[in-house]
Amino acid sequence: MPGIQAFFDDATSTASFLVWDRETKAAAVIDAVLDFDSATGKLSTTSADRMLARARELGLGVVWALETHAHADHLSAADYIRRKTGARVGIGARITEVQTRFRALFGAPEAETEASVFDALFEDGEVFKIGGIEARVLHTPGHTPACVTYVINDAAFVGDTLFMPDYGTARADFPGGDATALYRSIRRILALPPETRIFVGHDYLPAGRSKPAWETTVADERAANIHVHDGVTEEDFVKLRMARDRTLAPPKLILPALQVNIRGGALPKPEADGRIYLRTPVTTL
């Protein structure tokens, strides 16, 4: 059984995970956060450093920085972790579709946003190792085209695809999102053994709960998820999901996050004045 420790970032409601092989001490970091204050432009590595400090305390060697998708709500610390530890950055192979779409929006150089900014592009069903532990990749699109779930022994790290049963499921209205694909991806996850532990990527504290949570099970999701419990049909889900998505505002960090995350967590190159800039496309009605 792998060791697992969660780290919750209050500013973005993100759950990140340190996962390790107890025998070899090889570890992976999943969906690590790079701290960014959009009001001041200040960047820090406090959240990622907390994870790396814990890895050192446990005597772990971080060999993977894994991303479940290109996040729109926080900046990824994957590149920072790679530079600090030598870890390889892995993500789903369809990230190239996301890169192409948003490269054009932000006018980002292709050299900074090509597939090679990641060290591994995982295909559906691919298996890789964290020390002596096997990790299996499930392609679970819907929230984005490139979303993946990492199944590591009895644990499934689902990113934003599923949330805790009392909160529901991911939105599907981002470019490339698809509510029908999301439903089918979720049913694929919920076809795992009922005792499988599910680790979710966010918790937004629905009414009636005061503490964040990030671990549930396939059985609990099938019994009680408010959007997609057993008995909810594909048609029901798509109608519910699309109606709810129309009421949601964009994530606060969507523009800076996507610019960094399609670069594998790296910042844009400095411009002529030596400063690093993140772009805000201006739209008109």
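**Group meeting talk: helices α4 and α6, and a few loop residues**

At the start of helix α4, Asp178 places a side-chain oxygen within 2.9 Å of the backbone nitrogen of Thr180. Before I go on: this is a predicted model, and every value I give is computed from it.

Let me stay with α4, which covers residues 179–189. Which of its residues are buried? They are Ala179, Leu182, Tyr183, Ser185, Ile186 and Ile189. Around the helix axis they take up an arc of only 165°, which means that they sit on the same side of α4.

What do those buried residues pack against? Among the strands there are β11, at 133–139, β12, at 148–152, β13, at 155–159, and β14, at 197–200. Among the helices there are α5, at 218–224, and α6, at 234–245.

That brings us to α6. This helix has 12 residues, and from the first C-alpha to the last it reaches 16 Å. The expected value, at 1.5 Å a residue, is also 16 Å, and the two are described as close. Its buried residues are Phe237, Val238, Arg241 and Asp245. Looking down the axis of α6, you find these buried residues within an arc of 95°, so they line one face of the helix. What do they pack against? The answer is α4, so to speak the partner we have just left. On the face of α6 that is turned away from the buried side, you find Glu235 and Lys239, which are exposed.

Now the whole chain. It contains seven helices and 15 strands. Its radius of gyration is 18 Å, and the globule rule gives 19 Å for 285 residues; the two are close, so the chain is as compact as a globular protein of that length. Taken along the principal axes, the C-alpha atoms fill a box of roughly 60 × 55 × 35 Å. Of the 285 residues, 54% count as buried. The accessible surface is about 12,700 Å², and carbon and sulfur atoms account for 52% of that.

One more number for the chain concerns contacts. Take the contacts between residues at least 6 apart in sequence: 66% of these join residues at least 24 apart.

Next, a pair of loop residues, His71 and Asp31. His71 is in the loop between β6, residues 61–66, and β7, residues 75–76. Is it buried or exposed? The relative accessibility of His71 is 1%, so it counts as buried. Setting aside residues up to four places away in sequence, His71 touches Asp31, Ala257, Leu258 and Asn261. With Asp31 there is also a polar contact, side chain to side chain, at 3.0 Å.

Asp31 itself belongs to the loop between β3, at 26–30, and β4, at 33–37. Asp31 counts as buried because its relative accessibility is 4%, under the 20% cut-off. Its backbone is worth a look as well: phi is positive, about 60°, although Asp31 is not a glycine.

Asn153 has a positive phi of about 60° too, and is not a glycine either. You will find Asn153 in the loop between β12 and β13, and both of those strands came up earlier as packing against the buried residues of α4. With 46% relative accessibility, Asn153 counts as partly exposed.

Two more loop residues before I stop. Pro206 is in the loop between β14 and β15, the latter at 215–217. Its relative accessible area is 12%, so Pro206 is buried. Which residues does it touch, not counting those up to four places away in sequence? Asp166 and Tyr167. Pro206 and Asp166 are 40 residues apart in sequence, with 7.0 Å between their C-alpha atoms.

Leu248 sits in the loop between α6 and α7, where α7 is 254–261. At 28% relative accessibility, Leu248 counts as partly exposed. Leaving aside neighbours within four places in sequence, Leu248 is in contact with Arg171 and Arg241. Arg241 is one of the buried residues of α6 that we met earlier. As for Gly125, it is 123 residues from Leu248 along the chain, and the C-alpha atoms of the two are separated by 33 Å.

Notes
Residues are numbered from 1 along each chain as its sequence is written. This is a predicted model: local features need pLDDT of at least 70, side-chain atom pairs count only at pLDDT 80 or more; totals for chains, interfaces and linings use all residues. Side-chain values use heavy atoms; hydrogens and water are left out. Buried means under 20% relative accessible area, exposed over 50%, partly exposed in between (1.4 Å probe, protein chains only). Helices (H or I, at least four residues) and strands (E, at least two) are DSSP runs, numbered from the N terminus. The arc is that of the directions from the helix axis to the C-beta atoms. Contact means heavy atoms within 4.5 Å. A polar contact is a pair of N or O atoms within 3.5 Å; within protein, one must be able to donate a hydrogen and the other to accept it, and residues adjacent in sequence count only if both atoms are side-chain atoms. The radius of gyration is taken over C-alpha atoms; the globule rule is 2.2 Å times the number of residues to the power 0.38. Accessible areas come from the Shrake-Rupley method with a 1.4 Å probe; for residues, only the protein chains shown count as cover. The expected span of a helix is 1.5 Å times one less than its number of residues.
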